[in-house]
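User: Please explain the terms applied to this model, and set each value against its definition.

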Amino acid sequence: MKKAIKILVILLAFSIVLNGFVIVGRTEAASSVLEGWSNRIQLKIDHTKISAPLTNFPVLIHLSNASGINKADVSAIFNTLGNSGKKIAVTTADGVTQCNVEIESWDSTSRQAYLWVKVPVISNTADTILYLYYDRNQSDNGLYVGYTGEAAAQKVWDEHFVMVQHFAQSGAGVPGEYVDSTSHQNNG
């Protein structure tokens, strides 16, 4: 039963991305709400797509030239960062409280990235606002942002997730091995 619930949770997270994200406007200068970061993009989860409040919920964010339900072009982030995917921060609406981020993939050549973000609270009565900050002059944000298998990325998935694998990627040079995103290290 628990396995079925976890699969449902992943499917729900995926449906939020497909149906509920709005990328608001284009990249804007970060008027330093998160001190030292030069650029940010506002993300909004449409509350009408959420049937009940969610807490500590992993949400997939796809960055590309057609992101979110409004197909916003946020590919400029790749012009700024290139392959430096860890030079990002995702915050709650206050612009300061950072969320944990797993980088499932970051491809500056195709100008696409898939990020899983652990959102503390997603409301079903008001839109949930997040900010994606980025700055090439920042150090890697390894405390909150990591690639699959790294400690920061594992924090996206709490103890209720026994195994999370992204089948589009394989482990560190091992053909056919899939890296578990959780701290349980159930690689396949």
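The exchange below takes up the terms one by one.

User: What should be known about the model before its values are read?

Analyst: This is a predicted model, in which local features need pLDDT of at least 70 and side-chain atom pairs count only at pLDDT 80 or more, whereas totals for chains, interfaces and linings use all residues. Residues are numbered from 1 along each chain as its sequence is written, and side-chain values use heavy atoms, with hydrogens and water left out.

User: How many helices and strands does the protein have, and what makes a segment one or the other?

Analyst: There are three helices and nine strands, in the order α-β-β-β-α-β-β-β-β-β-β-α from the N terminus. Both kinds are DSSP runs numbered from the N terminus: H or I over at least four residues for a helix, E over at least two for a strand.

User: Why is Ile 41 called buried?

Analyst: Buried means under 20% relative accessible area, exposed means over 50%, and partly exposed lies in between (1.4 Å probe, protein chains only). Ile 41 has a relative accessible area of 0% and is therefore buried. This residue lies in strand 2. Of the 188 residues in the protein, 46% are buried.

User: What makes a group of residues a nonpolar core, and which residues have the most contacts inside the largest one?

Analyst: A nonpolar core is a set of buried Ala, Val, Leu, Ile, Met, Phe, Trp, Tyr and Cys residues joined through side-chain atoms within 4.5 Å. The largest has 27 residues, and Leu 63, Ile 77, Ile 88, Trp 106, Leu 115 and Leu 132 have the most contacts inside it. Among the elements that each supply at least two of its residues are strand 2 (39–45), helix 2 (76–81) and strand 8 (128–134). Strand 7 gives the most, with five residues. A second, separate core has six residues, including Leu 34, Trp 37, Ala 89 and Ile 129.

User: How do you know that strand 6 and strand 9 pair?

Analyst: Two strands pair if DSSP finds at least two bridges between them. Strand 6 and strand 9 have three bridges, in the parallel sense, so the criterion of at least two is met. Glu 102 stands opposite Gly 146 in strand 9.

User: What makes strand 3 and strand 9 edge strands?

Analyst: They belong to an open sheet of four strands with the order 3-7-6-9 and mixed pairing. Strand 3 and strand 9 (145–147) each pair on one side only.

User: Why is the pair of Trp 116 and Trp 157 called tilted?

Analyst: Rings of Phe, Tyr and Trp (its six-membered ring) pair if their centres lie within 6.5 Å; planes under 30 degrees apart count as stacked, over 60 as edge-to-face and the rest as tilted. Trp 116 and Trp 157 are 5.3 Å apart, centre to centre, with 55° between the planes, so the pair counts as tilted. Trp 116 lies in strand 7 and Trp 157 in the segment after helix 3 (151–154), so the pair ties together parts that are 41 residues apart in sequence. Both residues are buried.

User: How do you know that Tyr 131 and Tyr 133 form an aromatic pair, and are these residues buried or exposed?

Analyst: The centres of Tyr 131 and Tyr 133 are 6.4 Å apart, which is within the limit of 6.5 Å. This pair too is tilted, at 55° between the planes. Tyr 131 counts as buried because its relative accessibility is 11%, and Tyr 133 is buried at 0%.
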